[in-house]
Amino acid sequence: MKERWRYLSSRIYVLCVVLLAFLALICALLSIQAVRIGRYGAGALCCLAVEAAGILFFYFGVLKPYRKAERYLRLFFAGYTSAGLKEEARLLSPGTEGLAQVLIGLMESDQLLNANKRQAQYLALQNQINPHFLYNTLDSIRSEALLEGNSTVVEMTEALATFFRYTISKVENMVTLEEELENTKVYFLIQKYRFEDRVNLEIQYDKEDEFLLHCLLPKLTLQPVVENSIIHGIERKVGSGTIRIVLRCTEKRLLIEISDDGVGMPPDVLERLNSQLNQPVFDSISLSKNKGGIAILNVNNRIHLIFGEEYGMTVYSTPGVGTDTVIDLPLITSERQLKNLRR
């Protein structure tokens, strides 16, 4: 309570409650006075009208605009959007309006963009140092396995090196669907050494939809979902299971369905997961720090941040039957389309 009281927003809410209570008290006193002088109907009606007008004024004139402006500020500082920030900040005070103008100006300035680009390039170069050591270590293990004639270890280290090279060294945010599928196959190959014939992977799409392989999507969109299907679905199942990736599209959307015939999930767990997936990005990021399913929420949040909240993931599941995860993305085949979508 003490932590919340230091914020001006908490004091405003308390002030609204106090003012409304005071208004209700005044109306009650007026009603009592009206009863004393015998004007029951007119007095009660007048008091109700005054109280209703006061409540409407405080809600629509103070509380609702303030909460709307506060929401825009939260989204902006979460890095999600600046739409409407300037207009809503104007409702708070001239100072906050000026602050919003400065922040938006900084966000749109070429100087900041160039600085961020240089910093990203520097971090990308710096982050290549550790993977270089990792690849050398894996190559040493592979060489030792070759000398010993252990073909299984050779294949596993090659697959692991390929997976890490894609995951760590490839710094692009957007990749083609074909690249994502290849990385998913490499990950699945590594899992096959653990589960052997207990897991199977199928990729399905119509021949006329082969162009979908050139569509762009965020890197590491498919692999975390497949991993989730293995760990939470098929691994807990008695016997073997199959993960199926189905590609299809509409006129403007790319739809990727990842299904498994694992144990499924109870209705309450499914409802909670889909509720988290439908949360605004700011709330969902905070939520994912405290609860499970971080991989799925991570993928969904990145889709929201890049394309908007109209896209994302939906999960369907039946206990004892399996789970279907549908990834809804814009149908983009070029960087130019991506830039136009972000405008």
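Which residue in β5 does Arg-244 stand opposite? That partner is Ser-259. Before going on, note that this is a predicted model, where local features need pLDDT of at least 70, side-chain atom pairs count only at pLDDT 80 or more, and totals for chains, interfaces and linings use all residues. Residues are numbered from 1 along each chain as its sequence is written, and side-chain values use heavy atoms, with hydrogens and water left out.

Let's look at the strands (DSSP runs of E, at least two residues, numbered from the N terminus). Strands pair if DSSP finds at least two bridges between them, and β5 has these pairings:

| Pair | Sense | Bridges |
|---|---|---|
| β4 (residues 241-249) and β5 | antiparallel | seven |
| β5 and β7 (residues 322-330) | antiparallel | eight |

β4 and β5 also make a hairpin, with three residues between them. Over on the β7 side, Leu-254 sits opposite Leu-329. Strand β5 (residues 253-260) is largely enclosed by the rest of the structure, because six of its eight residues are buried. Buried means under 20% relative accessible area, exposed means over 50%, and partly exposed is in between (1.4 Å probe, protein chains only).

Now for two helix residues (helices are DSSP runs of H or I, at least four residues). Thr-157 belongs to helix α8 (residues 151-169) and counts as buried, because its relative accessibility is 8%. Leaving aside neighbours within four places in sequence, Thr-157 is in contact (heavy atoms within 4.5 Å) with Leu-138, Ile-141 and Arg-142. Leu-25, in helix α2 (residues 8-37), is partly exposed, with a relative accessible area of 47%.
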